[in-house]
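Got the viewer open? Let's walk through this one together, a selection at a time.

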Amino acid sequence: MPAIRASAGAFVAALLLFSSLCAVQAKTIPLTWVHGRWFANINACVGDTVAFSWSNGSQHDVVEVKSRTCSAAGGSRLTGVSTKGYKAVKLSKAGTRHFMCSVGPHCALGQTVTVTAKSCSG
Ligand SMILES: [Cu+2]
């Protein structure tokens, strides 16, 4: 029956519209990873991704550390050291995370960032 098919289609369309209106859109937060500037703390939602990238001719890496420190000791190395890099870090749960560059004095020159993710649904 065409009428039933049409109403089923309308129902699916309404459902899609409803879910797109209600869903919290996970977003990607681009971060140009350099030293010599200070990064503001980033407030994000669980599910978002912080995308570190650099291609500025300097060597960098991304190390996750347990507190806001410029010592990579005990940290998790997320990338190698290179002049060009990209690392997407998904914030899969609520909490505060700290990242730094362990190359030379870069962290002390500001290449460190704190990201806090909280649940944004509901
Ligand atoms: Cu660096």
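In what sense do strand β4 (residues 63-65) and strand β7 (residues 95-100) pair? Select both and follow their directions: they pair in the antiparallel sense, over three bridges. Keep in mind as you click around that this is a predicted model.

For one pair to zoom in on, pick Glu 64 and look across to β7, where its bridge partner is Phe 99.

Now keep β7 selected and add strand β8, residues 112-118. Six bridges join β7 to β8, and the two run antiparallel. To find one of these spots, click Arg 97: its bridge partner in β8 is Val 115.

Stay on Val 115 for a moment. Skipping its neighbours within four places in sequence, Val 115 is in contact with Ile 42, Ala 44, Val 50, Leu 91 and Arg 97. Show those residues as sticks and you'll have the surroundings of Val 115 on screen.

Val 115 also leads to the next stop, the largest nonpolar core, which has 15 residues. Select Trp 33, Val 62, Val 63, Phe 99, Met 100, Cys 101 and Val 115, which have the most contacts inside this core. Then colour β3, β4, β7 and β8, the elements that give two or more residues to the core. As a general point, nonpolar side chains tend to be buried together in soluble globular proteins.

Next, move over to the open sheet. Which strands form it, and in what order? There are three, in the order β1-β3-β6, and the pairing is mixed. Select β1 (28-32) and β6 (85-90): these stand at the edges, each with a single partner strand, so one side of each is left without a neighbour in the sheet. Turn the view and look for the twist, which averages 20° from one strand to the next.

Within this sheet, take β1 together with strand β3, residues 49-54. They run parallel, and five bridges join them. A good place to click is Ile 29, whose bridge partner in β3 is Val 50. You've already met Val 50 among the contacts of Val 115.

Finally, zoom out and show everything as a cartoon. The protein has one helix and eight strands, and the helix comes before the strands when you trace from the N terminus. Of the 122 residues, 18% are buried. How about contacts along the chain? Among those between residues at least 6 apart in sequence, 58% join residues at least 24 apart.

Note on methods: Residues are numbered from 1 along each chain as its sequence is written. This is a predicted model: local features need pLDDT of at least 70, side-chain atom pairs count only at pLDDT 80 or more; totals for chains, interfaces and linings use all residues. Two strands pair if DSSP finds at least two bridges between them. Helices (H or I, at least four residues) and strands (E, at least two) are DSSP runs, numbered from the N terminus. Axes are lines fitted to C-alpha atoms, for helices over the stretch in contact, and angles run from 0 to 180 degrees between N-to-C directions. A residue is buried if 20 or more other C-beta atoms lie within 10 Å of its own, exposed if 12 or fewer, and partly exposed in between; C-beta atoms are placed from the backbone. Two residues are in contact if their C-beta atoms, placed from the backbone, lie within 7 Å. A nonpolar core is a set of buried Ala, Val, Leu, Ile, Met, Phe, Trp, Tyr and Cys residues joined through C-beta atoms within 7 Å.
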